[in-house]
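Welcome! Please take a moment to turn the model around on your screen before reading on.

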Amino acid sequence: MVNFKDKDMKTLGIKVKKKKVSKKGISKKLDTLFSQRIRERDGVCLRCGKRDGLQCAHLISRTYKHLRCDEKNAITLCYACHIHWCHHNPIEFSEWVEKRFPKNYKYVLKEKYKDLAPPTIEELQTRLDELKAKKLPPI
């Protein structure tokens, strides 16, 4: 089977369909890279110190799209601390975050209630490119 490049196909007069970049596709890539960067930044579960089974945990829910990929809204927790503590004891989790990360806690609470529109596809792509290009500073 011959594999033509897009340029060759156009030269032959064959229309080439370009893959449409979707907002959902960029969001998924951004979520994956963001989670990876947060886990790299922290390196351990910030509650118990475990080094395996690490996950990116959000201080304020990811449903607040403008905070979803904000480094100040994310920490690293192991699976057990994330699911069995953070999600099952949200009041205790919030109190712990407020004590351990007071600046981040105040910041995300203020940002949470801003009436911001969900990010555009262009804004998501820009954020994805920024995350690809940099390493996050320690929390």
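We will start with the whole chain and then look at some of its charged side chains.

Keep in mind that this is a predicted model. Its secondary structure consists of six helices and two strands. If you walk along the sequence, you meet them in the order α-α-β-β-α-α-α-α, with the two strands placed after the second helix and before the third.

How much of the chain is buried? Of its 139 residues, 35% count as buried. The accessible surface comes to about 9,900 Å², and carbon and sulfur atoms make up 54% of that surface. Now think about which parts of the sequence touch. Among contacts with a separation of 6 or more, 69% are between residues 24 or more positions apart.

Next come the charges. Side chains of opposite charge can pair when their charged atoms come close. In this chain, the count of salt bridges comes to six.

Let us begin with Arg62 and Asp31, whose side chains form a salt bridge with an N to O distance of 3.9 Å. The cut-off is 4 Å, so a distance of 3.9 Å still counts. Where do the two residues sit? Arg62 belongs to the loop between β1 (54–58) and β2 (74–78), while Asp31 is in helix α2 (residues 23–42), so this pair ties together parts that are 31 residues apart in sequence. Arg62 is partly exposed, at 40% relative accessibility. The pair also has company: Asp31, Arg62 and Arg68 are linked in a network of salt bridges.

Now stay with helix α2 for another pair. Glu40 and Arg37 meet through their side chains in a salt bridge of 3.4 Å, N to O. Why is their spacing along the helix worth a look? The two are three residues apart in helix α2, so about one helical turn separates Glu40 and Arg37. Are these partners buried or exposed? Glu40 is partly exposed at 41% relative accessibility, whereas Arg37 is buried, with a relative accessible area of 12%. The cut-off for buried is under 20%, so Arg37 falls on the buried side.

Our last pair is Asp42 and Arg41, with a side-chain salt bridge of 2.8 Å from N to O. Asp42 is buried, with a relative accessible area of 13%, and Arg41 also counts as buried, at 13% relative accessibility.

Technical notes:
Residues numbered from 1 in each chain as written. Predicted model: local features only at pLDDT ≥ 70, side-chain atom pairs only at ≥ 80, totals over all residues. Heavy atoms only, no water. Helix = DSSP H or I, 4+ residues; strand = E, 2+ residues; numbered from the N terminus. Buried < 20%, exposed > 50% of the residue type's maximum accessible area, 1.4 Å probe, protein only. Contact = heavy atoms within 4.5 Å. Areas by Shrake-Rupley, 256 points an atom, 1.4 Å probe, with all protein chains shown as cover.
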